[in-house]
Amino acid sequence: ASAAITLFYLGLGFYSSLQASRKLFQKMLLRLIRAPSRFFDTTPLGRILNRCTSDFNVVDGTLQQSARNALTGTLSFISSFLFIVIVIPQFAPFAVFIAWLYIRLAPPYVKTARDLRRLESVSISPAFAGFDELLRGITHVRAFGMEQRYQDNFYKKVDLFQGFDHVYVSAKESDALV
């Protein structure tokens, strides 16, 4: 029964993810096609590409994983709470207090994780944009011998991104320990 439920859940998750990705792609493509040319003049191509890839990554992987974790966590909490209350009824008031405390402390963490994710996403856009600029102007970079300058600038952008990414991943891992 467990294997059948897991198979059903995975199939449903992948099907839902595929449908959501398809709708997101159609809406995103339609909006990009209908965007005024001023939008493309003021928004770097790297930022557009980063936004598209990160949104699809969220829909394809992170959203499904988050839904699975939320469902598993909720069911584990309810089953553990009921088991403890049935076996040790005197512990029920303490369990209710601990649950209240957990619910009270979770929202600030979620807000912080969201802000860290936004900083991470914003910090990778300049690296994408710089790489796009390099591809468009590689002949000029080589002609003026600016490879080292470009490489140093690119590494600075990647280091900034990695700093935000490391903090975000650390916060995510500490959440898994709670």
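Setting aside neighbours within four places in sequence, S21 touches F56, V59 and D60 in this predicted model. S21 itself sits in helix α1, which covers residues 2-34. Is S21 buried or exposed? It is buried, because its relative accessible area comes to just 9%, and the cut-off for that label is anything under 20%.

S21 has company along the helix: G13, S17 and M28 are buried in α1 as well. The spacing of such positions can be read against a general rule. An α-helix takes 3.6 residues to make a turn, so residues three or four places apart point the same way. As for what lies over these buried residues of α1, the cover includes α3, running from 45 to 87. Helix α1 has 33 residues, and the distance from its first C-alpha to its last is 48 Å. That is close to the 48 Å expected at 1.5 Å a residue.

Helix α1 turns up again in the second largest pocket, which holds about 190 Å³ of space. Two elements, α1 and α3, each give two or more residues to its lining. Which of the elements gives the most to this lining? That would be α3, with five residues. The lining is made up of M28, R31, L32, A35, F39, T43, R47, I48, R51, C52 and D55. M28, then, has a place in the pocket lining and is also one of the buried residues of α1. By character, the lining splits into six nonpolar residues, four charged ones and one polar one.

C52, one of the lining residues, also provides a reference point for a position much further along the sequence. S170 and C52 are 118 residues apart in sequence, and their C-alpha atoms are 25 Å apart in space. S170 belongs to helix α6, residues 147-177. With a relative accessibility of 31%, S170 counts as partly exposed, since it falls between the 20% and 50% cut-offs.

A second pair of positions gives another look at sequence against space. T42 and T62 are separated by 20 residues in sequence and by 30 Å from C-alpha to C-alpha. T42 is part of helix α2, which spans residues 37-42. Its relative accessible area is 53%, so T42 is exposed.

Turning to the aromatic side chains, how many aromatic pairs does the structure hold? There are five. One of them joins F91 and F94, whose ring centres are 6.1 Å apart and whose planes meet at 35 degrees, a tilted arrangement. It counts as tilted because stacked pairs need planes under 30 degrees apart and edge-to-face pairs need over 60. The two partners fall into separate accessibility classes: F91 is partly exposed at 30% relative accessibility, whereas F94 is exposed at 54%.

Definitions and conventions:
Residues numbered from 1 in each chain as written. Predicted model: local features only at pLDDT ≥ 70, side-chain atom pairs only at ≥ 80, totals over all residues. Heavy atoms only, no water. Phe/Tyr/Trp six-rings, centres within 6.5 Å; stacked < 30°, edge-to-face > 60°. Buried < 20%, exposed > 50% of the residue type's maximum accessible area, 1.4 Å probe, protein only. Helix = DSSP H or I, 4+ residues; strand = E, 2+ residues; numbered from the N terminus. Contact = heavy atoms within 4.5 Å. Expected span 1.5 Å × (residues − 1). 1 Å grid on protein atoms, 1.4 Å probe; cavity = no way out; pocket = protein on both sides within 12 Å on 5 of 7 lines; lining within 4 Å. Points joined across faces, edges and corners; volume = space filled by probe spheres on them. Nonpolar A, V, L, I, M, F, W, Y, C, P; charged D, E, K, R; others polar.
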